[in-house]
Amino acid sequence: MPTPPQAAAPVSSHVVEIERALNRIAYLTNRVRQHERLMALAGVPLDRAAVALLRRIADADPLRPGELAVQLGVEASHVTRQVQQLQKAGYVTRVPDPDDRRAQRIQLAQAGRDAVDRISEASCRGMQLALSEWSPEELQQLATLFHRMVDDFLRHAVDDEDTGAPTGGPAPERPVAGG
C-alpha cells in the first residue's frame, strides 16, 4: 500500500474550505434520491453508472472499453457489462477501431445522445435555479475557475500504476459561456 505524500507545509485554510465545499457538492449531487429525481425529470431510466458512462462517451470520440474504464477509474469488466446493457437498450453502438480493425470502440447511438441531452438539460435547469441570484459575471468566473481547477487536478493526478488511482486523462476542451 502506498504511503501518503508528506506535506512540506501546512495546508492553506482556503484549500481546506475548498475541499470541504467540494465534498458537500459531491454528497449533494451523488445522493440516490437526487439521481432518481434527475432521471424522472429527464425521463431516462438509467442508473448512475450508466449515466457516468454515457456522459463520458458523449464528451469524447469513440473509445475502446478499456480506455473508458481508465478514464472513469473503474475495472474494465464493469465497463464491459455496462456497455453490453447500454447496447441492448439502444444507447450505444460498437464501431471498428480505425487503428486496429480487430478491436471495437464505443460511441453513442441516437438514443444515447438524446438521453445525455435530456439529462444535461434537466441538470442544468436545477443548477440554474440554484444559482439564479448570481450575476452573469459571477457565473462566468465560477465556470472559468472550475475548469481551471479540473485541468490542474488532471495535470497533477498521480499515475495509477503507482497508487491504483485513475489518471483521468486529458481534459476535454469546453467553451465557457457567459451568463
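Reader: At what angle do the axes of α1 and α7 cross, and how are the two helices oriented to each other?

Author: In this predicted model, the axes of α1 and α7 come within 14 Å. They cross at roughly 100°. An angle of 65 to 115 degrees counts as roughly perpendicular, so α1 and α7 are roughly perpendicular.

Reader: Which residues make the contact between α1 and α7?

Author: Two packed helices are described by the angle between their axes and the distance between the axes. For this pair, the axes come within 14 Å. On the α7 side the contact is made by F146, M149 and F153, and on the α1 side by I18, L22 and I25.

Reader: What should the 18 residues of α1 span, and how far apart are its end C-alpha atoms?

Author: The expected span is 1.5 Å times one less than the number of residues. For the 18 residues of α1 this gives 26 Å. The expected span agrees with the distance between the end C-alpha atoms, which is 26 Å.

Reader: Which residue caps the N-terminal end of α1?

Author: A side-chain oxygen of the capping residue lies 3.0 Å from the backbone nitrogen of H14. A polar contact needs N or O atoms within 3.5 Å. The residue that caps this end of α1 is S12.

Reader: Where do R20 and E17 lie, and how far apart are their closest N and O atoms?

Author: Both R20 and E17 lie in helix α1 (residues 13-30). They are 3 residues apart, about one turn of the helix. An α-helix has 3.6 residues a turn, so residues three or four places apart point the same way. R20 forms a salt bridge with E17, and the closest N and O atoms are 3.0 Å apart.

Reader: Are R20 and E17 buried, partly exposed or exposed?

Author: Buried means under 20% relative accessible area, and exposed means over 50%. R20 has 47% relative accessibility, and E17 has 43%. Because these values fall in between, R20 counts as partly exposed, and E17 also counts as partly exposed.

Reader: Which residue of α7 forms a salt bridge with R155, and how far apart are the N and O atoms?

Author: The partner is 3 residues away from R155 in helix α7 (residues 136-155), a separation of about one helical turn. R155 is exposed at 57%, whereas the partner counts as partly exposed at 25% relative accessibility. The partner is D152, and the N to O distance is 2.1 Å.

Reader: How many salt bridges does a search of the whole structure find, and which residues are linked in a network?

Author: The search finds 8 salt bridges. One salt bridge joins D100 and R102, with the closest N and O atoms 3.1 Å apart. R102 is exposed, with a relative accessible area of 77%. The residues linked in a network of salt bridges are R64, D97, D99, D100, R102 and R105.

Reader: Is L63 buried or exposed, and which residues is L63 in contact with outside its neighbours within four places in sequence?

Author: L63 lies in the loop between α3 (48-58) and α4 (65-72). Its relative accessible area is 11%, so L63 is buried. L63 and Q104 are 41 residues apart in sequence, yet their C-alpha atoms are 8.1 Å apart in space. Leaving aside neighbours within four places, the contacts of L63 are L68, Q71, R105 and I106.

Reader: Is Q82 buried or exposed?

Author: Q82 lies in helix α5 (residues 76-88). Leaving aside neighbours within four places in sequence, Q82 is in contact with D47, A49, A50 and L53. At 12% relative accessibility, Q82 counts as buried.

Conventions: Residues are numbered from 1 along each chain as its sequence is written. This is a predicted model: local features need pLDDT of at least 70, side-chain atom pairs count only at pLDDT 80 or more; totals for chains, interfaces and linings use all residues. Side-chain values use heavy atoms; hydrogens and water are left out. Helices (H or I, at least four residues) and strands (E, at least two) are DSSP runs, numbered from the N terminus. Buried means under 20% relative accessible area, exposed over 50%, partly exposed in between (1.4 Å probe, protein chains only). Contact means heavy atoms within 4.5 Å. A salt bridge is a side-chain nitrogen of Lys or Arg within 4 Å of a carboxyl oxygen of Asp or Glu. A polar contact is a pair of N or O atoms within 3.5 Å; within protein, one must be able to donate a hydrogen and the other to accept it, and residues adjacent in sequence count only if both atoms are side-chain atoms. Axes are lines fitted to C-alpha atoms, for helices over the stretch in contact, and angles run from 0 to 180 degrees between N-to-C directions. Angles under 35 degrees count as roughly parallel, over 145 as roughly antiparallel, 65 to 115 as roughly perpendicular and the rest as oblique.
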